[in-house]
Amino acid sequence: MILIHDLKKTYGSKVAVDIPEYTIAEGEILGLVGNNGAGKTTLFRLMLDLLKADSGNVTINDIDVSRSESWKNFTGAYLDESFLIDYLTPEEYFCFVGKMCGFTKAETEERIEAYSRFMADEIIGQKKYIRNLSAGNRQKVGIISALLSRPAVVILDEPFNFLDPSSQSSLKHLLREYNRETCATILVSSHNLTHTTDISTRIAVLEHGVIIRDIDNTEGTASEELEEYFRRE
Ligand SMILES: Nc1ncnc2c1ncn2[C@@H]1O[C@H](COP(=O)(O)OP(=O)(O)OP(=O)(O)O)[C@@H](O)[C@H]1O
């Protein structure tokens, strides 16, 4: 379970995140939507202890992320390209991440094999450094690396960005399957309302750092409310 308590982050007079209380239950797929500058990335950075909050905290399975490192053992994330190492090939990078998780090269390769459809023969065996891959393929390397250890908590910032339509569809299938198989809690931000409603069990709408709507989508019924909300904007 993820618990956000009295979480505030401001930049000067600008409120980036202001969430008094919010709980994300185990096994939920939470879609985070909101217009540009709403605070989605800031919230994810606070959840991953990449930013210091002005006040409040985030706990993952009762661990305050800013006070302990142990949540990292069961959390996988990909926010942006700063998570990658440009001078490695994808194979080298996967092995590097695999080693941190205690996997042998063979174990890492076996885990990566499961994503071969998503990688579509454009990532493995290309003899290219990550810096020379297309933006979409770099995005895929980051997403696969986040899932490599099969973490119980997954945080992905705009994972559909840069992906072609087939890959967007594969990613939706992949995340739903992953959630079904592992009961992982998955947090995904996106500007694509269709993708968000397709995969999420619950959707949070963020505006000026505040969660202003919290919509149940277990029956896939959130799209009308979301369309209506963003039409009003
Ligand atoms: N390092 C920073 N310095 C100053 N202001 C910042 C900084 N990072 C974020 N902000 C501000 O905080 C607010 C939230 O930004 P954030 O990037 O979290 O929004 P977002 O919802 O992820 O936006 P987008 O959909 O455009 O990616 C914005 O007003 C942004 O300008």
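Why does Pro20 count as exposed? Pro20 counts as exposed because it has 12 C-beta neighbours inside 10 Å. The cut-offs are these: a residue is buried if 20 or more other C-beta atoms lie within 10 Å of its own, exposed if 12 or fewer, and partly exposed in between, with C-beta atoms placed from the backbone. Pro20 is found in strand S2. Its C-alpha atom lies 8.1 Å from that of Lys8, and the two residues are 12 apart in sequence.

The model is a predicted one, in which local features need pLDDT of at least 70, side-chain atom pairs count only at pLDDT 80 or more, and totals for chains, interfaces and linings use all residues. Residues are numbered from 1 along each chain as its sequence is written. Helices (H or I, at least four residues) and strands (E, at least two) are DSSP runs, numbered from the N terminus.

Pro20's strand belongs to an open sheet of four strands. The order is S2-S1-S4-S5, and the pairing is antiparallel. Two strands pair if DSSP finds at least two bridges between them. The edge strands are S2 and S5 (63-64), and each pairs on one side only. Helix H1 packs on this sheet and touches S1, S2 and S4. Its direction makes about 60° with that of S2. Contact here means that the C-beta atoms of two residues, placed from the backbone, lie within 7 Å. Axes are lines fitted to C-alpha atoms, for helices over the stretch in contact, and angles run from 0 to 180 degrees between N-to-C directions.

The pairs of this sheet can be followed in turn. S1 (residues 2-11) and S2 run antiparallel and are joined by nine bridges. In this pair, His5 stands opposite Glu21. The two strands form a hairpin with two residues between them. Gly12, in the turn, has a positive phi of about 60°. S1 is also joined to S4 (residues 55-60), by five bridges, and these strands run antiparallel. Ile2 stands opposite Ile60 in S4, Leu3 opposite Thr59, and Ile4 has Val58 as its bridge partner. Two bridges join S4 to S5, again antiparallel. Here Thr59 has Asp64 as its bridge partner. The hairpin of S4 and S5 has two residues between the strands, and Asn61 takes a positive phi near 45°.

A further open sheet has six strands, in the order S6-S7-S8-S3-S9-S10, with mixed pairing. Its edge strands are S6 (75-78) and S10 (210-216), each of which pairs on one side only. Neighbouring strands of this sheet are turned by 15° against each other on average, direction ignored. S6 and S7 (residues 153-157) run parallel, joined by four bridges. The bridge partner of Tyr78 in S7 is Leu156. H1 lies across S3 (29-33), S7, S8 (185-189) and S9 (202-207). H1 runs at about 145° to S7.

What of the interior? In soluble globular proteins, nonpolar side chains tend to be buried together. A nonpolar core is a set of buried Ala, Val, Leu, Ile, Met, Phe, Trp, Tyr and Cys residues joined through C-beta atoms within 7 Å. The largest such core has 59 residues. Val58, Val154 and Ile155 have the most contacts inside it. Helix H5 (residues 135-147) gives the largest share of this core, five residues. Not counting residues up to four places away in sequence, Val154 touches Gly76, Ala146, Leu147, Ala184 and Ile186.

Leu226 lies in helix H8 (residues 223-232). Leu226 counts as buried because it has 20 C-beta neighbours inside 10 Å. Leaving aside neighbours within four places in sequence, Leu226 is in contact with Val33, Leu193, Thr197 and Ile203. The C-alpha atoms of Leu226 and Val205 are separated by 8.4 Å, and the residues are 21 apart along the chain.

The last feature is the ligand. The residues around it include Tyr11, Lys14, Lys40, Thr41 and Thr42; a residue is near a molecule or strand if its C-beta atom, placed from the backbone, lies within 6 Å of it. S2 (14-24) and H1 (40-47) each supply at least two residues of this shell. H1 gives the largest share, three residues. By class, the shell has three nonpolar, six polar and two charged residues. Ala, Val, Leu, Ile, Met, Phe, Trp, Tyr, Cys and Pro count as nonpolar, Asp, Glu, Lys and Arg as charged, and the others, Gly among them, as polar.
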